[in-house]
Structure formats: C-alpha cells, structure tokens
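Good morning, and thank you for the opportunity to present. I would ask you to keep the sequence and the model in view while I speak.

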Amino acid sequence: MANLQLERETSIGMQVEDLWDVQESKLNPTQKLNACFENIPVSAFPHTPQGIEIKSDASLAEAVQILAQNKILSAPVVNVDAPEDASWIDRYLGIVEFAGIAVWILQQSEPPSPTNHLPTGAESAVASANGMPSSAELRTLGSEDASITAGDFFEALTSSEFYKKTKVRDISGSFRWAPFLALQQSNSFLTMLLLLSKYKMKSIPIVDLGAGNINNIITQSAVIHMLAECTGLQWFESWGTKKLSEIGLPTISRNQLVTVHEDEPVLQAFRLMRKKRVGGVPVVTGDGKKAIGNISLRDVQFLLTAPEIYHDYRLITAKNFLLAVKNYLEKHDTRSPMLSGMITCKTDETIKELIQMLDSLKIQRVYVVDDDGNLEGTITLRDIISRLVYEPLGYFGDFFDGVLPLPENCRV
C-alpha cells in the first residue's frame, strides 16, 4: 500500500513535468504551473488511507475518541437518517472538527460551582473564543481565568452526562462546523489548490457522484507531502530553489503576528486564535521577542482527551499548558510533532528546504527568526500553497453559490 501511495505521488510530479515541457514558451514559470495543474484532475491525487467517518448519532465523547484514536483533526459526518439511495449532499451533514467540538462544549457547559453558573472570567473567555460578543470583550484574561479551569474542571466536564449524551447531529447547526464544500473527481488540481490556499479550507472532500459518497479527502498537509516527493523534478526545482524572501514569505510580519505571553491563561491563546482567525500562536517570553513554544487549535484536544495532566497546576497558563502536554506526550506518544520543540527558519532558506522540514516533522507552521532568534513572522502550509498557484480572473464564476465566505478584496 505504501509503495502504491508513493507511486501515485511520484506520478503526479511526472504529469506536471510532462505538461511543463509542452507549455508555451511565452508563459512565465507561475503561469506554466497554473496551466499544468489545471490539466490534472483531482482523481489523480493519492487517496487518504484512513477514510474515517463519524455517524450523526455518535455522542460528542465518541466523536472525540474517534478523532483522537485515529490522530486526525476532522472527519465527515454521515446522516444516519438519510435513505440508502441518498445523494452525497443529503448523505453528509458536514465536517466536524476537533477544535469545534471542544470550544462548543466549553461554551455550552457549566463548571461545578455552588451557584451552578459559569464564572464571569470563564464566560468571557469562552464567548470570545467562539467569536461571540461579550461584555468583557476588551478585557485581558488574568490569573483568575487560568485558575478557573485548573484542577478537575476538564475531568468533570468530560465525565458529565451532557458530554456523553449530546449527539454530533445536535450541534450540526453550529457555526463552528467547517463549510462542507466538496469537489468532483473531474475537478482540477488548480481548483483544489486555490481552495486550500486563497479560500482557507483545511481539507476538501472529493465525492463520487455515482456512489453518493466521499471518495477522498485532500488536506493541506497531503499537498505539502506531495510537493516534497517532487524534489529533483525540473518544474519543482525551478520553483523550490527560490529563497523564502524571493517569493514573498513570510506574508505575516512581526508586527502582524498574534502572540500570547507565557504567563497568560491558555484560554487566552485559544481565544486569540478564534478572534483573529489564525490556527496557532507562539508563546513568547516577557519582552515578546522570543518564542518558547507554539499552541495551535489542534491542541484543544488535550483539554478533552487528557484532562488529568492538569491536576498539579494551580494555574493553567500558556507555559504550564506546554509543559503538561510535553510531559504527557513523552509518556504516551513520543512521535508527536509537539515534542520537536519550537521550529524556526530564516528567510534565506529555500522553499524546498521548508517543504521538506514541514513534511518530515508533520507540522502546520514554522516561525521565522532573525540571526538573534527574534521572531520576524510565521509561515503556514496555506502560505506555501498560495505561492505555488494564482487565481485567474473570473476563474470560479458562480462556483461557490454562497456556500463559502469569500476572502476580502476577492475578484469572484
């Protein structure tokens, strides 16, 4: 199976190579790549080996367990009430995300307390993390917010009847769910790459219209892995040997970087990620210049799958969260990317070197530093893909039909 997967990844690179050689000479390299990817159907992309689906009548606890056991961040939800001959659009409710479940639970539930009411600090943090208005929206979270969720808070939450009995379908209307926009197997690589980059989709289901089911799921990580397998090919080398600074990376500069200080509550990190719509934030030292670690949306899972690791912490600050998760992974999952420490690069490195590093470490982002180790910006998988292709004028037409929020200043 592994050899077949590698053959298909190599085959994609060779298809681009063959198309590259016959493109019009007047096209620049970026135009040539666009033309190549436009002529390759997404059906050529290697299939995701796991193919995990979650039934709509599964509980939130069961959904979290399925995602955690299979080490995936999201999965399509199958509507158990749909008829056998249902089309794919009626068969699937959408994509449920690990972070979506976790933050939704925090919003809806109440921690144990004499008044049986969510304390003001936690209420503000949860509302802000979900992008909801709050009376304390501008307030900076403090030590009291870090202490609210310490001790047995998450253990009590994950053992509650609310957590065990609420079904996945019960939250299907939540805005926390990812947009369910699927492609057909005949759609092009260019369409897929633009959706994963400019249109900020983390993963794209590929549907088989005949069978009425999802045939494949293509993620940003899978695309980066495919690119890493193309090392040595002419088309890839002409692009991949460019320095990061030459192709405009990082796109997020130091002044734009969203950070959380090491002594701030970890909920502040998740709050900032949702409010600023970013997938991860660096944990920085007091002066804000250097980072000691990274917290991403995927790390919300540790609040639900391993709540016992916070017993010894009076305050769950960003730094304590990193330490607790690190200690836990050293005992249970020594291959986790979180054990790699703070991964950085410099702008004089090549895009090929960056792709190979991200792929080998299985991480979503890398932080750019100067010669003194000071933060200068961040580069994500999406940033890399966005530098590979561009959207031709009027390319999508009425393709979206209102199902996906469009980026600002979009030409569509």
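I shall go from the whole chain to its sheets and cores, and then to a single residue.

What we have here is a predicted model. The mean pLDDT of the chain is 79, and 78% of the residues reach 70 or more. Two stretches require caution. Over residues 109-139 the pLDDT stays under 50, and the model has 56 contacts there beyond four places in sequence. Over residues 404-412 the pLDDT likewise stays under 50, with 20 contacts beyond four places in sequence. Where pLDDT is low, the predicted coordinates should not be read in detail.

Let me turn to the chain as a whole. How many helices and strands does the secondary structure of the chain come to? There are 17 helices and 13 strands. The chain has 412 residues, and 49% of them are buried. Its exposed surface is about 19300 Å², of which carbon and sulfur atoms supply 48%. Among contacts with a separation of 6 or more, 65% join residues 24 or more positions apart.

I begin the sheets with an open one of 3 strands, in the order S1-S2-S3 and with mixed pairing. Strand S1 (54-55) and strand S3 (92-97) are its edge strands, each pairing on one side only. S1 pairs with strand S2, residues 74-78, in the parallel sense over 2 bridges. Within S2, Val78 is the residue opposite Lys55.

Next, please find strand S5. This strand covers residues 203-208, and 5 of its 6 residues are buried. Strand S4, residues 183-184, pairs with S5 in the parallel sense over 2 bridges, and Gln184 stands opposite Val207 in S5. With helix H10, these two strands S4 and S5 make a right-handed β-α-β unit. S5 is also joined by 6 bridges to strand S6, residues 213-219, and this pair runs antiparallel. Here Ile206 stands opposite Asn216 in S6. S5 and S6 form a hairpin with 4 residues between them, and Gly212 in the turn has a positive phi of about 70°.

We come now to the interior. In soluble globular proteins, nonpolar side chains tend to be buried together. The largest nonpolar core of this model has 54 residues, and those that touch the most other members are Phe37, Phe189, Met192, Trp235 and Leu354. Which helix gives the most to this core? It is helix H10, residues 189-196, with 7 residues. As for Phe189, its contacts beyond four places in sequence include Ile12, Phe37, Pro41 and Met226. There is also a second, separate core of 26 residues, and Val258, Met273, Ala306 and Tyr310 are among them.

Finally, I would like to consider one residue, Val266, which lies in helix H13, residues 266-276. Is Val266 buried or exposed? Val266 is buried, because its relative accessible area is 2%, and buried means under 20%. Leaving aside residues up to four places away in sequence, Val266 touches Ile295, Ile316, Thr317, Ala318 and Phe321. Val300 is 34 residues away from Val266 along the chain, and their C-alpha atoms are separated by 9.9 Å.

That concludes my presentation, and I thank you for your attention.

Technical notes:
Residues numbered from 1 in each chain as written. Predicted model: local features only at pLDDT ≥ 70, side-chain atom pairs only at ≥ 80, totals over all residues. Heavy atoms only, no water. pLDDT = per-residue confidence, 0-100. Contact = heavy atoms within 4.5 Å. Core = buried A, V, L, I, M, F, W, Y, C linked by side-chain atoms within 4.5 Å. Buried < 20%, exposed > 50% of the residue type's maximum accessible area, 1.4 Å probe, protein only. Pairing = 2+ DSSP bridges. Areas by Shrake-Rupley, 256 points an atom, 1.4 Å probe, with all protein chains shown as cover. Right-handed = clockwise from strand over helix to strand, strands pointing away.
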